[in-house]
Amino acid sequence: MLLVVTASHKTAPFELLERLSRTPDDVASTVVDMASCVQGAVVLATCNRFEAYVEMDEPVTAAGAIGVEAVLEAVESSTGIRASELDGAYEVHSGRRVAEHLFSVASGLESVVSGEGEIAGQVRRALKAARKEGTTSPELERLFQRASQAQRKVKNVTALGRAGRSLVRLALELADSRIIDWSAERVLLVGTGAYAAVTLATLRERGAVNISVYSPSGRAEKFAAKHGIRAVSAEDYARVASRSSLLITCTNAAAPVLTPEHLQAPTGIAPEGCPVASHNQMVVDLGMPRNVDPAVAALEGVALLDLETISLHAPLEELQATDAARTVVREAADTFHIVGSRQSVTPSVVALRSHMFALLESEIARARARGDDDGKVEQALRHLTGVLLHVPTTRAHELAATGRADDFAAALSTMYGIEPIEPAQASDADDAATA
C-alpha cells in the first residue's frame, strides 16, 4: 500500500513550509524505523512543498493511519515541528491517488508556476537520496521511475513545458515593469548554487551587465570566475549591498543572509537612477527558508519581493496545455495502477498455471504410455489446457484492476487448495510450467 503525506503552498502557510524546508536528510530513515510495517519511504522537500511517500505492509490493520503517524512523528523527531502544528496544513493520498499526485508534481502541475521545470530534477534527487540511505522499496522505485517517465511525456507531447515559467523568470517578469533599463542596474546576486546559475542566465537575457556575486559559504570567487562576473568578499558585502539597485538572494542558508544593517551600511555614494519607481532598491528573495529579513521591507526606498508575494502574482495557468498535461498524467497513473495490480495477482496466476500444467504433463505421460505415438492426444491436451486457463487468467487481471486480487486467491484456495507462489519464485515456476 502506497500513501503520501503532502504539505505545499496550496495547503500550508509559507512560514511553515519554510521550517519544513529545513528537513534533515534522516527523515526518511526515521519514518522507516518508526514501525515494522513501513517497507520504504522517500521524502521530497523543496521550497514549496514537503512530501513523504511511504509503502506500507497492506495486510496490517489501519496501515494508512500508522503510516501517517510515522511521518508526523519522524518530522517532529527531526525538525521539532509538532503534529499539532501541522493540523490542517497537509493532505494524505493513498492507493491509486498516490501515483497521479506524484506524476502531477513531477510534471510541474502542482507548482506555484504551472509547468516550471526545476521540480523534475528535485523528484529524481529525492529518489537518489532514498537509495543512498537505503529507504526505498521496489514499489517506491517503480513509482518514482514512472513519475520521471510521465514528466518527460508531458514535456514532449504538451505545450506545458513551453508555457510554464520558472520562479526565477516569474520574479524577474514581476520586476520588469518597475525597471527602466536592465543594463543600468547594479545587480548583486547572493548565492552560487544551481538556482544562482539560472538566475544569472535570466538576468543576462534581460540585458543586465553590471552583476556581482557574494557567497555566504565562500564560493563567490569560483562562481565569478566561471561566469565572468565580479566576486564580492565578506568584508565588502554590506557596502556593495547598500549600493546595489537590485539584489537577488537564492541560497539554502538556514538564517537570513540579508538584513537591514547590510542595506544601511554607509556608502558615500547614492544609488543612481530610479530602477523601481519611487524605490531606490529592489530585493528579490528566492530562498527557502527565506534569505532576507522581513524587516528589510520596512526600510525607506526598498521594495521586497519574496516567494509568498511571487506566488500571489503567479499568472493563470495555460488552460489547454494544463488540461492536456493532466490527461497524460491520468493515463500514466492508470497504467501504473493496472501494472501494479497485475503484479499483485501474478503469484496466484502462476500457482494456477503450475497446477494445471502439472496435471497436463501427467496426462501426457499416460497418453504416451498408451501408445500416443503421433502426438495427437498431446496436442489436443495442450490446446484444451490453454483454453481452460484463458478465462480464469483474464478474470484474475480484471479483478486485480479493481483491487480484488485477494478474491481470486481466495477462490483458488477454496476450490483447488492452491496457494499463491511467492513473487521471488513466481518467474521460475511459470517458466518451468510453460516449458
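**Notebook: helices and sheets in a predicted model**

I began with helix 11 (residues 220-227), which lies across strand 5, strand 6 and strand 7. I read its direction against strand 7 as about 170°. The model is a predicted one, and I kept that in mind for every entry below.

**Entry: the parallel sheet**

I then looked up the sheet that these strands belong to. Strands 7-6-5-8-9-10, in that order, form an open sheet of 6 strands with parallel pairing. I noted strand 7 (230-232) and strand 10 (302-306) as the edge strands, each pairing on one side only. From one strand to the next, the twist averages 20°.

Next I checked how strand 5 and strand 8 are joined. Strand 5 covers residues 186-190 and strand 8 covers residues 246-249. The two run parallel, with 4 bridges between them. Which residue of strand 8 is the bridge partner of Val-190? I found Thr-249 there.

I also looked for another helix on this sheet. Helix 10 (residues 194-205) lies across strand 5, strand 6 (210-214) and strand 8. Against strand 5, helix 10 runs at about 165°.

**Entry: the antiparallel sheet**

I moved to the sheet built from strands 2-3-1-4, listed in sheet order. This sheet is open, has 4 strands and pairs in the antiparallel sense. Strand 2 (38-46) and strand 4 (91-94) are the edge strands, and each pairs on one side only. Direction ignored, neighbouring strands here are turned by 15° against each other on average.

For the strand 1 and strand 4 pair, I counted 4 bridges in the antiparallel sense, with strand 1 spanning residues 2-8. In strand 4, His-93 is the bridge partner of Val-4.

Which strands does helix 5 (residues 96-106) lie across? I listed strand 1, strand 2, strand 3 and strand 4, with helix 5 running at about 145° to strand 3. Helix 2 (residues 27-34) lies across strand 2 and strand 3 (49-56). I noted about 155° for helix 2 against strand 2.

**Entry: the whole chain**

I closed with totals. The chain holds 18 helices and 10 strands. It has 435 residues, and 48% of them count as buried. Its accessible surface comes to about 21100 Å², and carbon and sulfur atoms hold 51% of that. How much of the contacts with a separation of 6 or more comes from residues 24 or more positions apart? I wrote down 72%.

Methods:
Residues numbered from 1 in each chain as written. Predicted model: local features only at pLDDT ≥ 70, side-chain atom pairs only at ≥ 80, totals over all residues. Heavy atoms only, no water. Pairing = 2+ DSSP bridges. Axes fitted to C-alpha atoms, helices over the stretch in contact; angles between N-to-C directions. Contact = heavy atoms within 4.5 Å. Buried < 20%, exposed > 50% of the residue type's maximum accessible area, 1.4 Å probe, protein only. Areas by Shrake-Rupley, 256 points an atom, 1.4 Å probe, with all protein chains shown as cover.
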